[in-house]
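Subject: Structure handover

Hello,

Here is the structure I said I would pass on. Please open it alongside this message.

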Amino acid sequence: MDLWEYEQQLVHTTVNYAGVDEAGRGALAGPVVAAAVIIGGRAEDWVGVSDSKALSKKQREKLSEHIWSKAVAVGIGMAQPNEIDELNILHASRLAMARALYDLKMPPKLALVDGPYPPLFPSDQIESIPVIDGDAKCLSVAAASIIAKVERDKIMAELHTEYPQYGFHKNAGYPTSEHLAALDEVGPSVTHRQSYRPVQRASQARLDLTW
C-alpha cells in the first residue's frame with residue numbers, strides 16, 4: 001500500500017502510466033534487460049510486489065507470473081553487449097528502457113523510471129519522471145524490476161548452454177569468483193562486454209600468452 005500511495009502522489013490517477021526498471025547493469029556478460037509495466041487495478045491486486053532485490057528467486061518467479069497475467073500491459077526491451085560497449089552501460093540501459101516502453105501494446109502517456117535518468121528516446125515522445133530508488137518506492141517500478149530480473153535470468157540460463165564454462169546459470173553474468181576464474185582460464189566469449197575492465201584484463205592476458 002505504501003508503494004501504491006507513493007506513486008499516486010507522482011501521477012494523476014486518470015493518466016495511463018508505466019513503471020520502468022532494468023536488470024544487469026553490473027554484469028560482465030549478456031544484455032541489459034528492461035521492463036515496462038502498466039499495472040492497473042487496485043493496490044490489493046499486487047500484494048507481495050516489491051523491489052526484486054528484496055525477494056528470493058522463487059518469490060520473483062511466482063510474482064512474475066502474476067504480473068504477466070494481471071497487468072494491463074508488459075513490455076520488454078534489451079541492449080546487447082555490443083551496444084553496451086558502443087554507448088556505455090548508462091546510455092544502453094536508457095535505450096533498453098525506451099525499447100521496453102515501445103514494446104507495450106498500450107503506449108503510456110507517462111513513465112515512472114527507476115534512477116536519476118529518463119529513457120533514451122529519439123525525441124521526448126513519452127513524459128518520464130525519474131525516481132531515485134524507484135523500485136523500492138513505486139509499485140509499478142517494483143513490478144518492472146521483478147519482470148526485468150526474471151526475464152534476464154532466463155536469458156542467461158539459455159546462454160549457459162552455449163557457454164557453460166562461465167556458470168551463467170548461477171551467476172547471471174555477474175563477477176563472481178567462479179566467473180572471474182573462468183575468464184582468466186579461457187578468456188571472454190562474444191557475449192561478454194568487452195569494455196568492462198575485468199573482461200579487458202582477461203583479453204589482454206590471453207593476448208600476452210600468445211606472444
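Below are notes on the aromatic pairs and the nonpolar cores. Please keep in mind that the model is predicted.

Aromatic pairs

Searching the whole structure gives 2 aromatic pairs. Tyrosine 102 and phenylalanine 121 make an edge-to-face pair, with 5.6 Å from centre to centre and 70° between the planes. This pair links distant parts of the chain, 19 residues apart. Tyrosine 102 belongs to helix 4 (residues 89–102), while phenylalanine 121 sits in the loop between strand 4 (110–114) and strand 5 (127–131). Tyrosine 102 has a relative accessible area of 41%, so it is partly exposed. Phenylalanine 121, with a relative accessible area of 15%, is buried.

Tyrosine 166 and phenylalanine 168 also pair: the ring centres are 5.4 Å apart and the planes lie at 15°, which is under 30 degrees, so the pair is stacked. Both tyrosine 166 and phenylalanine 168 are buried.

Nonpolar cores

Phe168 appears again in the largest nonpolar core, which has 34 residues. Together with Val20, Val32, Leu101 and Leu104, Phe168 touches the most other members. Several elements supply at least two residues each, among them strand 1 (17–23), strand 2 (32–38), strand 3 (73–79), helix 6 (139–162), helix 8 (177–186) and helix 9 (197–210). Helix 4 gives the largest share of this core, 7 residues.

Another core, of 22 residues, lies apart from that one; its members include Ala35, Val37, Trp46 and Val74. As background, nonpolar side chains in soluble globular proteins tend to be buried together.

Regards

Conventions:
Residues numbered from 1 in each chain as written. Predicted model: local features only at pLDDT ≥ 70, side-chain atom pairs only at ≥ 80, totals over all residues. Heavy atoms only, no water. Phe/Tyr/Trp six-rings, centres within 6.5 Å; stacked < 30°, edge-to-face > 60°. Helix = DSSP H or I, 4+ residues; strand = E, 2+ residues; numbered from the N terminus. Buried < 20%, exposed > 50% of the residue type's maximum accessible area, 1.4 Å probe, protein only. Core = buried A, V, L, I, M, F, W, Y, C linked by side-chain atoms within 4.5 Å.
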